[in-house]
Amino acid sequence: MAKLKKIEFVDFGPYKMVGKEIRTKIENFNPIYPSKYPTIPSLWKQCFSNGTFDILENMTEYCPAETPNGYEGYIRDFNKEDETFTYVAGFLMKANTPVPDGYAAYDIPACTIAKTWIEGEEHDIYPNAHQLMMEAIHRNGYEVDWQNYFSCEVYTDQRFGIPQKRGQKVLILDFYMPIKQR
C-alpha cells in the first residue's frame, strides 16, 4: 500500500509548466467500457516516443535548479460536472521560458506548496497519492489553495527514475500542491 514518506511546506515559483496536454478523466481501466478520453499513460508514451521531451531537455538554461532532472505531470482545471481535467506531461521551467510551437504552457505564480514523497509500487501510488496528501495537509494545519490549485507529479531520477531502471518495485514519487494556512 502506498504511504506518505515525507511532507514539507516550502516557497515555490514562479514557474511555467511546458509540455503536451490532454483533457482527460480518471480512468477506470475497464476493458469492457473503454474511456472515450485520451489516457495519461498514452500521453506519456507519445511524449517519450515523438521527441517532445528531447526539445525540452535541450532548453537547459530554462530548467530551474529545484527540478533539474525530473519529468512532471501537471493537473489543473478540474471540472466537477464531468470529472475531467487538463493534464500536461512536461517540465517545470523558469517563468520566462519561451514556449516552443505546438506546446502548452501554464504560468504558476509564486506560492507555498506541500511537497510530499509518496512511497509504494507505482500502480498503488497514483490512486492513493491525492488522499494521502490531503490528509497530511490538514493534519499540519493547512488547506489546499483552491484559487491557485494544481497538482504536480515530479519524477525525480534519485527517487523514481533510477530505482525503476534498476528493477525496484517500491518507488518514491514527489507530489506538489499549493496550500495556505487554515
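1. With 182 residues, a compact globule would be expected to have a radius of gyration near 16 Å, and the protein chain agrees at 16 Å. That radius is taken over C-alpha atoms, and the globule rule is 2.2 Å times the number of residues to the power 0.38. Along the principal axes, the C-alpha trace spans about 45 × 40 × 40 Å.

2. A word on the ground rules: this is a predicted model, in which local features need pLDDT of at least 70 and side-chain atom pairs count only at pLDDT 80 or more, while totals for chains, interfaces and linings use all residues. Residues are numbered from 1 along each chain as its sequence is written, and side-chain values use heavy atoms, with hydrogens and water left out.

3. The protein chain has four helices and nine strands, where helices (H or I, at least four residues) and strands (E, at least two) are DSSP runs numbered from the N terminus. Their order along the sequence is β-β-α-α-β-β-β-β-α-β-β-α-β.

4. On burial and surface: 47% of the 182 residues count as buried, meaning under 20% relative accessible area, with exposed over 50% and partly exposed in between (1.4 Å probe, protein chains only). The accessible surface comes to about 10,100 Å², and carbon and sulfur atoms hold 50% of that; the areas come from the Shrake-Rupley method with a 1.4 Å probe, and for residues only the protein chains shown count as cover.

5. Contacts (heavy atoms within 4.5 Å) reach far along the sequence. Among those between residues at least 6 apart, 78% join residues at least 24 apart.

6. You may like strand E9 (170–181). Nine of its twelve residues are buried, so E9 is largely enclosed by the rest of the structure. Pairing here asks for at least two DSSP bridges between two strands. E9 runs antiparallel to E6, joined by ten bridges, with Thr112 partnered by Ile179 of E9. E7 also pairs with E9 in the antiparallel sense, over three bridges, and Tyr142 has Gln181 as its partner in E9. Strand E8 (residues 151–155) is another antiparallel partner of E9, over three bridges; there Glu153 stands opposite Phe175.

7. Helix H3 (residues 122–139) deserves a look too. Its 18 residues reach 25 Å from first C-alpha to last, close to the 26 Å expected at 1.5 Å a residue; the expected span is 1.5 Å times one less than the number of residues. H3 nevertheless has a kink of about 55 degrees centred on Asn128, the bend being the angle between axes fitted to the seven residues ending there and the seven starting there.

8. Asn128 is also one of the buried residues of H3, which include Ile125, Leu132 and Met133. The buried residues of H3 pack against strands E1 (3–12), E6 (111–121), E7 (142–144) and E9. After H3 comes Gly141, with a positive phi near 85 degrees.

9. Finally, some backbone details to check. Gly13 and Pro14 are joined by a cis peptide bond, with omega about 10 degrees, and Pro14 sits in the loop between E1 and strand E2 (15–25). Asp77, though not a glycine, has a positive phi of about 55 degrees; it lies in strand E3 (residues 71–79) and is partly exposed at 36% relative accessible area. Glu83, also not a glycine, has a positive phi of about 60 degrees. Glu83 belongs to the loop between E3 and strand E4 (84–94) and counts as partly exposed at 46% relative accessibility.
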